[in-house]
Amino acid sequence: MRTAPTILHLDMDAFFASAEQASKPSLRGKAVIVGGLGPRGVVSTCSYEARVFGVHSAMPMAQARRLAPNAAYLVPRFGLYRQISEQVMGLLRELSPLVEPLSLDEAFVDLEAGETAWDEASALLAARKLRDDIRAVTGLTGSVGLAACKMLAKIASEQAKPDGLVLIEPGTERALLAPMSVRILPGVGPATGDHLRRGGISTVGEIAEAGEDELVRLLGKAHGLALYAMALARDERPVVAERDTKSVSVEDTYDVDIHDRVRVRMEVQRLADRCVQRLRGAHLSGRTIVLKVRRYDFSTLTRSETLRGPTDDPAVVREAAARLLEAVDTTGGVRLLGVGVTGLADYTQEDLFAQARAAAAGVEEGASGERVEEAQVGGGAGAGAGAVDVVESAGGEPAERVWWAGHDVRHVEFGHGWVQGSGLGRVTVRFETPGSGPGRVKTFRVDDPLLESAEPLPLVEPLPAGPAAPGEG
Ligand code: TTP
Ligand code: MG
Ligand code: MG
């Protein structure tokens with residue numbers, strides 16, 4: 001393991017909610033909740049002002065409304081978040097070729113590989129400059145952790161939140177980890193956490209005390225050894241660029257085509273288990289489960305399902321693979337079956353049982369690769385999510401106009417604004433832009449011909465073009 005704190009972890013603060021506050025001046029300093037606003041909606045995230053009421057990511061929206069009735073409720077604008085994410089990742093790539101994005105708002109950077117930093121002082125300098133640059137380019141804040149390994153860099157950025165920078169000095173890791181809950185370690189989800197607690201272990205220090213043999217006894221060899229090493233702050237995982245393109249998969253070709261549906265199901269379960277074994281062996285988890293079927297006529301098809309977060313739980317992968325198989329016709333017989341997991345991450349982020357339930361309930365991946373619940377679109381009209389109004393388009397075809405809370409609009413007379421709410425045939429718009437002061441509110445009929453939907457405006461005015469290069473005129 002390296003001896004200098006040159007692994008950097010960045011995570012943007014209250015990402016979706018901060019982007020909304022930056023684009024809507026009237027919401028700055030206020031409780032803002034972003035998520036699905038339909039009857040089964042969940043909170044994607046909320047501003048720190050809303051967190052004091054106990055609202056958090058993945059909470060049912062109905063519960064959030066009870067806790068923070070006066071907050072602003074908005075549906076996500078993934079296009080905007082993706083643009084900001086690209087700006088942030090661009091700044092990270094200026095620091096090093098080794099940038100490992102974990103989600104839209106989060107990444108590891110190996111500063112040493114980029115020759116940007118080699119010791120504590122140079123790492124701090126790079127991190128401070130990065131935070132300034134992110135603010136200048138995006139108008140938003142991100143928190144940064146610096147440490148000698150990935151696990152501690154991530155813990156450091158968590159401690160730095162919001163809008164901070166924390167460096168964990170090499171050599172102090174074990175003392176820092178000792179009192180922390182085992183759940184802080186990568187790969188320890190609720191199930192493993194419970195299992196350890198029943199074995200009398202609830203802190204990282206207790207794992208270290210229990211010793212390697214006890215961990216292997218409790219969790220099996222691969223998982224036990226890996227976790228014991230993490231508890232001692234021995235984390236050798238390298239920062240890997242573009243991890244998302246990788247996958248872990250297993251497949252079997254059969255000498256004789258399988259016709260029996262029950263047997264096909266069994267084979268898929270077996271492959272799912274083998275795939276998870278490999279995944280765990282590599283200390284990885286993944287979000288997308290892929291089923292591959294080659295039929296008697298050599299036609300090959302793949303089906304995939306994306307979960308709310310990465311998993312390495314055999315039950316979750318088995319269930320997803322079984323669901324995918326249900327949609328595949330195998331009556332002519334199959335000669336090859338495969339199960340794979342892609343969208344890899346090196347830790348498990350969310351409650352696995354919640355993931356399984358969410359997947360079963362038809363949760364869909366948002367266009368951005370972030371999590372979004374399908375139910376927020378559609379069922380919302382009348383529930384305050386948006387009002388639907390059918391108007392004739394130029395070609396005489398009916399086109400739907402939907403006024404989603406939080407989305408941008410333009411009015412011929414009043415200019416750029418955003419939908420504050422709608423219902424009962426009316427839509428309320430607040431006219432303001434990222435660069436303006438808090439704006440005024442006006443109400444229109446949902447079919448007002450002077451009102452149209454608009455693209456988000458940049459949060460920060462792009463810098464004026466520099467002076468012409470020498471030699472040009
Ligand atoms: P996070 O980085 O986990 O959270 P955050 O940026 O909102 O807040 P923090 O300051 O604590 O980092 O997630 C990044 C974005 O991903 C978040 O703004 C919204 C989205 N997201 C979901 O849609 N669902 C979820 O369950 C979580 C955790 C995040
Ligand atoms: Mg974040
Ligand atoms: Mg994040």
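## A helix across the sheet

Let's start with helix 4, residues 78-93. Helix 4 lies across strand 1 (7-12), strand 5, strand 6 and strand 7 (142-147), and its direction makes an angle of about 155 degrees with strand 5. Please keep in mind that this is a predicted model.

The strands beneath this heading belong to an open sheet of 5 strands, ordered 5-6-1-7-8, with mixed pairing. Strand 5 (99-103) and strand 8 (165-167) are the edge strands; each has a single partner strand, so one side of each has no neighbour in the sheet. On average, and ignoring direction, neighbouring strands in this sheet are turned by 15 degrees against each other.

## Strand 6 and its partners

Strand 6, residues 106-110, is a good place to look next. A hairpin through 2 residues joins strand 5 to strand 6, and the two strands pair in the antiparallel sense over 4 bridges. Within this pairing, Val99 stands opposite Val109 of strand 6, while Ser103 has Glu106 of strand 6 as its bridge partner.

Strand 6 also pairs with strand 1, again in the antiparallel sense, over 5 bridges. Here Ile7 stands opposite Asp110 of strand 6. How many residues of strand 6 are buried? The count is 4 of the 5, so strand 6 is largely enclosed by the rest of the structure.

## Two helices that cross

Two packed helices are described by the angle between their axes and the distance between the axes. For helix 12 (residues 261-281) and helix 13 (residues 314-326), the axes come within 9 Å and cross at roughly 145 degrees. This crossing is right-handed.

If you would like to find the contact in the structure, helix 12 contributes Val264, Arg265, Val268, Gln269, Ala272, Asp273, Cys275 and Val276. From helix 13 they meet Pro314, Val317, Arg318, Ala321, Ala322 and Leu325. By type, the residues of this contact divide into 10 nonpolar, 1 polar and 3 charged.

## The nonpolar cores

In soluble globular proteins, nonpolar side chains tend to be buried together. In this model, the largest nonpolar core has 89 residues, and Val32, Ile33, Leu152 and Leu227 have the most contacts inside it. Setting aside residues up to four places away in sequence, Val32 touches Ala17, Glu20, Gln21, Leu27, Cys46, Ser47, Ala50, Ala71, Ala72 and Leu74. Another core, of 24 residues, lies apart from the largest one; among its members are Ala321, Leu325, Val334 and Leu344. Ala321 and Leu325 also take part in the contact between helix 12 and helix 13.

## Helix 11 and its surroundings

Leu227, one of the residues with the most contacts inside the largest core, is among the buried residues of helix 11 (residues 221-231). The others buried there are Ala226, Tyr228, Met230 and Ala231. Which helices do the buried residues of helix 11 pack against? They pack against helix 6 (150-160), helix 7 (173-177), helix 9 (204-210) and helix 10 (212-219). Just after helix 11, Ala233 has a positive phi of about 65 degrees.

## The chain as a whole

Stepping back, the chain contains 14 helices and 21 strands. It has 473 residues, of which 41% count as buried. Among contacts between residues at least 6 apart in sequence, 62% join residues at least 24 apart.

Definitions and conventions: Residues are numbered from 1 along each chain as its sequence is written. Chains are lettered from A and ligands numbered from 1 in the order in which they are written. This is a predicted model: local features need pLDDT of at least 70, side-chain atom pairs count only at pLDDT 80 or more; totals for chains, interfaces and linings use all residues. Two strands pair if DSSP finds at least two bridges between them. Axes are lines fitted to C-alpha atoms, for helices over the stretch in contact, and angles run from 0 to 180 degrees between N-to-C directions. Two residues are in contact if their C-beta atoms, placed from the backbone, lie within 7 Å. A crossing is left-handed if the near helix is turned anticlockwise from the far one by less than a right angle, and right-handed if clockwise. Ala, Val, Leu, Ile, Met, Phe, Trp, Tyr, Cys and Pro count as nonpolar, Asp, Glu, Lys and Arg as charged, and the others, Gly among them, as polar. A nonpolar core is a set of buried Ala, Val, Leu, Ile, Met, Phe, Trp, Tyr and Cys residues joined through C-beta atoms within 7 Å. A residue is buried if 20 or more other C-beta atoms lie within 10 Å of its own, exposed if 12 or fewer, and partly exposed in between; C-beta atoms are placed from the backbone.
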